[in-house]
Amino acid sequence: MSLSEVLVLLIMQQKWRSVILVDADPEVSISLLNALNEARVLIASVSANAIDRYHWPEKYSLQPPFDGYVMSVHIQNADEVFGKLIRSLKRKFLFGPHRHWIIGVRGCLNLERVLHFFEEGDKIVIVSSETAVSSTFKSDSILKDFKLWSLQSFGNGSTFFRQKNLSDFLTDTGQPGEKLFDTFFTNFGGRVLRISSLGSPPIQERPLPGEWKWHGYIFRIVNILSDIFNFTYVVKEANDRLYGMLEEDGTWPGMIGELVNKTVDMGVGDLSWTMDRSIAVDLTETIFSETVTFIYRAPGFYSRTWILFQDIDFKVWISLTFSMILGCTVYCLTLYVRDTCGNEVAAKMSEEELFVKSAVRSTGTIYRALLGQSIVYHPKATSCRTLLGTWFIGALILSSLYGGSLTSTLSLHRSPRPADTLKDLVKRYPNAILALRNNSQIHSYIKKSEMWRHIWLNNIKKNVIPGKFHIQDTMVEVHRPRPEGAPIYVWIAERSMLVKQMHRYTDDPSVCDLYVAKENIINADWVLALTKNSPFLNQFNEKIKRMQRFGLLQKWHIDHWNSNQSACRPSDGRNENGGRTPISITDTQACFFVLSMGWMAGFVVLFAERSMASDRRRVRHRM
């Protein structure tokens, strides 16, 4: 049996339907290609000399489109050829826990010398005709022509090659047997992981004296993983207190840079998923779905100096004033005419005295009725009573409207409507200082986005917050009152953190001093970061999915983010005018219509009374 036939049988046994073939041994590769084509297996063949030039599709996906990888190598008493190939492939990140390799070797391969080329978690199987084995390798009786070696790990960081019985995989016994590739380890053997961390409470909190476990929302998840997989950790602050953003020269600073250089094993904090980061390192499943918005000091309340006149439209005040003057005039004329007709007491008074008396009575009655007070003089004439009754009805309607509206207004704070989008904010405050954290996800997004380019150049570029600044330093600037016309300070960050700070930095127990906008500028899914091709990724993802499925992440979110909040209510813009529009002339036109009809009726009755009085005088004169 040839090496190519062994490789084909192993591929078919794994049920791979698409593979990438790295050709470093043309003699074996040609036979392998023909056999796989006959078996209808999709193949992409890459020459060993073209590894660096080939655009590998796996670079941009954690789940590669191919089932596995096959490589044939011809070694002539030298391991340097094999090592050179492995190093070229590692530069392309083609080894790891989620990429399975079957490597066929012709020639003598020293396993002890090539072991250091591979890392913990790599899925490697080597089929070789001649193998030099050190005494440190475990070995059993095997097939005579070829030997099968599988890369194994205990989970404590050590790796070794273990020999497997090749014949078990070349014959189908119908019974479940040993797997070709090593399964993911679930016990880390008490190893100590190095963690680079960033964040403020409640994201992370330092341990109490005598403890090694950190606290906070993110470390609550890490501690659960620590208990499940049997590992401990040590925590250091990320370099320069930066998350990490791809620089123009291709380097990574901060936490991501440490993971790329493998000086730490894990990055923990309010670290958001981005495409660039997912290419440079391994990112877990989402542990916290978040959005990015902005916070700034809420607009001040309107002045309450003229609050008595604000709830009624100016036209209503003009109409009411005109109605009062007209009502006084009409009632005064009605009284005057009535007194000059048959009133014996009034007959002894001059016309000027009668008019002044009527004017004083009418003015006092109209004003007292409007204020809801009783009147002193009760007229007996039907015309006067008609006018006065109509005025009472109108006054009752207007006073009820005004009293209810004024009571509602006095119980509410009124302020300008806050800006809920970044573009509206800049339009309202052109010189606003928009600040965001250096190397954060929103920093990378706005800096590279054409949609936000104008705002980036004018309001943000010079206000990027250095990593050495803490959240407290930024919130002091946001909360600090500024003189009228001075630039406002705006912080762009994750919503949950901003809401937490809004309740913390407030002096008014009823209405918050700060305002968190409703706009979702971009989604920010928090993740844990691991080194590229980390052996922990699949294990961590499985447990994180379970925490999500069982509702633990949602519960912890409530425990850490919604607790210890003040009772202040955000100035959300609904109280700009108390939720109502001022009473307009349209709302009160029925009332003024009633007054007009009453005045007309009063004149008609007055005319009738005057005619009847004239008739009575003529009858007396004839008698």
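# A guided tour from helix α1 to the patch on α20

Begin by selecting Lys15, which comes just after helix α1 and takes a positive phi of about 60 degrees; helices (H or I, at least four residues) and strands (E, at least two) are DSSP runs, numbered from the N terminus. The model is a predicted one, in which local features need pLDDT of at least 70 and side-chain atom pairs count only at pLDDT 80 or more, while totals for chains, interfaces and linings use all residues. Residues are numbered from 1 along each chain as its sequence is written, and side-chain values use heavy atoms, with hydrogens and water left out.

Step back next to α1 itself, residues 3-13, where the buried residues are Leu3, Ser4, Val6, Leu7, Val8, Leu10 and Ile11. Here buried means under 20% relative accessible area, exposed means over 50%, and partly exposed lies in between (1.4 Å probe, protein chains only). An α-helix has 3.6 residues a turn, so residues three or four places apart point the same way.

**The sheet**

Now select the five strands that form an open sheet with mixed pairing, in the order β9-β8-β10-β18-β11; two strands count as paired if DSSP finds at least two bridges between them. The edges are held by β9 (231-237) and β11 (282-283), and because each has a single partner strand, one side of each is left without a neighbour in the sheet. Residues 191-197 make up β8, which pairs with β9 in the parallel sense over seven bridges, and within this pairing Arg194 has Val234 in β9 as its bridge partner. Adding helix α6 (residues 217-229) shows what packs on the sheet: α6 touches β8, β9 and β10 (266-268), and its direction makes about 150 degrees with that of β9. For these statements, contact means heavy atoms within 4.5 Å, and axes are lines fitted to C-alpha atoms, for helices over the stretch in contact, with angles running from 0 to 180 degrees between N-to-C directions.

**Salt bridges around β8 and α6**

The structure holds 18 salt bridges, each being a side-chain nitrogen of Lys or Arg within 4 Å of a carboxyl oxygen of Asp or Glu. Select Glu120 and Arg191, whose closest N and O atoms are 2.8 Å apart; Glu120 sits in the loop between α4 (111-114) and β5 (123-132), whereas Arg191 belongs to strand β8, 71 residues apart. Glu120 is buried at a relative accessible area of 10%, and Arg191 is buried at 18%.

Remaining on β8, select Arg194 again, this time with Asp265, for a salt bridge with closest N and O atoms 3.2 Å apart. Asp265 lies in the loop between α7 (254-260) and β10 and Arg194 in β8, so the pair ties together parts that are 71 residues apart in sequence. Arg194 counts as partly exposed at 36% relative accessibility, whereas Asp265 is buried, with a relative accessible area of 17%.

Return to α6 for Lys213 and Asp227, whose side chains meet in a salt bridge (2.9 Å, N to O). Lys213 lies in the loop between β8 and α6, and Asp227 in helix α6, so this pair ties together parts that are 14 residues apart in sequence.

**The nonpolar patch**

Finish with α12 (382-410) and α20 (589-622), each of which supplies at least two residues of a nonpolar patch. Select Phe593, which lies in helix α20 and counts as exposed at 53% relative accessibility. The largest share of the patch, four residues, comes from α20.
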